Amino acid sequence: MSIDIIGDVHGCYEELLDLFKELGYTIEADIPTHPEGRKVIFLGDITDRGPASIKMIELVYEMVVQKKVAAYVPGNHCNKLYRYFRGNNVKVKHGLETTVAEYNSLSTSKQNEIKDKFMQLYEEAPLYLVLHKYQAVIAHAGIREDLIGRQDKKTATFVFYGDITGETHEDGRPVRRDWAQAYHGDNWIVYGHTPVKEPRIVHKTINIDTGCVFGNKLTAFRLPEETTVSVNSNQPYIEEKFSYFA
């Protein structure tokens, strides 16, 4: 079986459907299927910022939990939405406000359904995926080689946020080290989180968050082919979102 790993969708449901079509999938009963039986892996951050986060929750839940034709690893936005649904005191900003606005527009019964679906999806998801068959590790913001196999808080912080220093830029963004430069492992590390204009390969790491929600592209990385496929975004382009690690 071959796989298609899909970068940060962030509520860009229509672009995701475009990408599925570009990858050769057909939509049957609202579920993308591939004639060769390829499997989808979502790289986290399926919600927030974009126009259709609720549709994304429903689709990913159906594919991963119900039909078991896809896999999912959570991102930092997924973690924050999960904590919001648990009633934790999280700040409804940095994109979460768009998902919450969609959620609040639903009926109470629909809210309960969406909340239950997302919480089950999140709670059943692995922190990251190690795919020995493909010599690949799928982790939202990446993972250092020495952390592979670990599930502790330090590893979770890295997987959700990248190699943060604890400092912030003037605009509030966290300062991140370019951890990929120091990676020399044999496995592919497939990640996203920090938007780049084109898929960024450094050693055997690839960042496939090509900033769809910021008006650029939505990208998939295919294994074992080691190729990328992208479709254009329908969202307004925001140049300043692409300032990390050109």
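**Exercise 1. Thr99**

Determine where Thr99 lies in this predicted model and whether Thr99 is buried or exposed.

Solution. Step 1: locate the residue. Thr99 belongs to helix α4, which spans residues 96-104.
Step 2: apply the accessibility rule. Residues under 20% relative accessible area are classed as buried. Thr99 has a relative accessibility of 1%, and therefore counts as buried.
Step 3: list the partners. With neighbours within four places in sequence left aside, Thr99 is in contact with Thr47, Asp48, Ser53 and Leu81.

**Exercise 2. Helix α3 and its surroundings**

State how many residues of α3 are buried, and which elements they pack against.

Solution. Step 1: count. Helix α3 covers residues 76-85, and eight of its 10 residues are buried, so that the helix is mostly covered.
Step 2: name them. The buried residues are Asn76, His77, Cys78, Asn79, Lys80, Leu81, Tyr82 and Phe85.
Step 3: identify the packing partners. These buried residues of α3 pack against α2, the strand β5 (70-72), α4, α5 and α6 (153-161).
Step 4: look beyond the end of the helix. Gly87 follows α3 and has a positive phi, near 90 degrees.

**Exercise 3. The crossing of α3 and α5**

Describe how α3 and α5 are arranged, and which residues make the contact.

Solution. Step 1: take the geometry. The two axes come within 10 Å, and they cross at roughly 130 degrees.
Step 2: classify the angle. This value makes α3 oblique to α5, because it lies neither in the range of 65 to 115 degrees nor over 145.
Step 3: give the handedness. The crossing of α3 and α5 is left-handed.
Step 4: name the residues. From α3 come Cys78, Asn79, Leu81, Tyr82 and Phe85, and from α5 come Lys115, Phe118, Met119, Tyr122 and Glu123.
Step 5: sort them by class. The contact of α3 with α5 comprises seven nonpolar, one polar and two charged residues.

**Exercise 4. Helix α2 against α5 and α1**

Work out how α2 is oriented to α5 and how α2 is oriented to α1.

Solution. Step 1: begin with α5. The axes of α2 (residues 53-66) and α5 come within 10 Å, crossing at roughly 50 degrees. The two helices are therefore oblique to each other, and α2 passes α5 in a left-handed crossing.
Step 2: examine the contact with α5. Ile54, Ile57, Glu58, Val60, Tyr61, Val64 and Val65 of α2 meet Lys110, Glu113, Ile114, Lys117, Phe118, Gln120, Leu121 and Glu124 of α5. By class these are nine nonpolar, one polar and five charged residues.
Step 3: turn to α1. The axes of α1 and α2 are 10 Å apart and the helices pack at an angle of about 40 degrees, so α1 and α2 are likewise oblique to each other.
Step 4: examine the contact with α1. Tyr13, Glu14, Leu16 and Phe20 of α1 meet Lys55, Met56, Leu59 and Met63 of α2. The contact of α1 with α2 has six nonpolar, no polar and two charged residues.
Step 5: complete the account of α1. In this helix (residues 13-22), Tyr13, Glu15, Leu16, Leu17, Leu19 and Phe20 are buried. Gly24, with a positive phi near 95 degrees, follows α1.

**Exercise 5. Cysteines and disulfides**

Explain why Cys12 and Cys78 form no disulfide in the model.

Solution. Step 1: recall the bond in question. A disulfide is a covalent bond between the sulfur atoms of two cysteines. The criterion applied is a sulfur pair within 2.5 Å.
Step 2: test Cys12. The closest cysteine sulfur, in Cys212, is 3.8 Å from that of Cys12, which is too far for a bond.
Step 3: test Cys78. The closest cysteine sulfur here is that of Cys12, at 14 Å, also too far for a bond.
Step 4: state the total. By this rule the number of disulfides is zero.
Step 5: add the accessibility. Cys12 is buried, at 0% relative accessibility, and Cys78 is likewise buried at 0%.

**Exercise 6. Pro126 and Gln235**

Establish where Pro126 and Gln235 lie and which residues they touch.

Solution. Step 1: place Pro126. This residue is in the loop between α5 (108-124) and β6 (129-131). Its relative accessible area of 31% makes Pro126 partly exposed.
Step 2: find the contacts of Pro126. Not counting residues up to four places away in sequence, Pro126 touches Tyr72, Val73 and Pro74.
Step 3: place Gln235. This residue lies in the segment after β14 (227-232).
Step 4: find the contacts of Gln235. With the same exclusion of residues up to four places away, Gln235 touches Cys12, Glu15, Pro51, Cys212, Val213 and Gly215. From Val213, Gln235 is 22 residues apart in sequence and 6.0 Å apart in space, C-alpha to C-alpha.

Definitions and conventions:
Residues are numbered from 1 along each chain as its sequence is written. This is a predicted model: local features need pLDDT of at least 70, side-chain atom pairs count only at pLDDT 80 or more; totals for chains, interfaces and linings use all residues. Side-chain values use heavy atoms; hydrogens and water are left out. Helices (H or I, at least four residues) and strands (E, at least two) are DSSP runs, numbered from the N terminus. Buried means under 20% relative accessible area, exposed over 50%, partly exposed in between (1.4 Å probe, protein chains only). Contact means heavy atoms within 4.5 Å. Axes are lines fitted to C-alpha atoms, for helices over the stretch in contact, and angles run from 0 to 180 degrees between N-to-C directions. Angles under 35 degrees count as roughly parallel, over 145 as roughly antiparallel, 65 to 115 as roughly perpendicular and the rest as oblique. A crossing is left-handed if the near helix is turned anticlockwise from the far one by less than a right angle, and right-handed if clockwise. Ala, Val, Leu, Ile, Met, Phe, Trp, Tyr, Cys and Pro count as nonpolar, Asp, Glu, Lys and Arg as charged, and the others, Gly among them, as polar.
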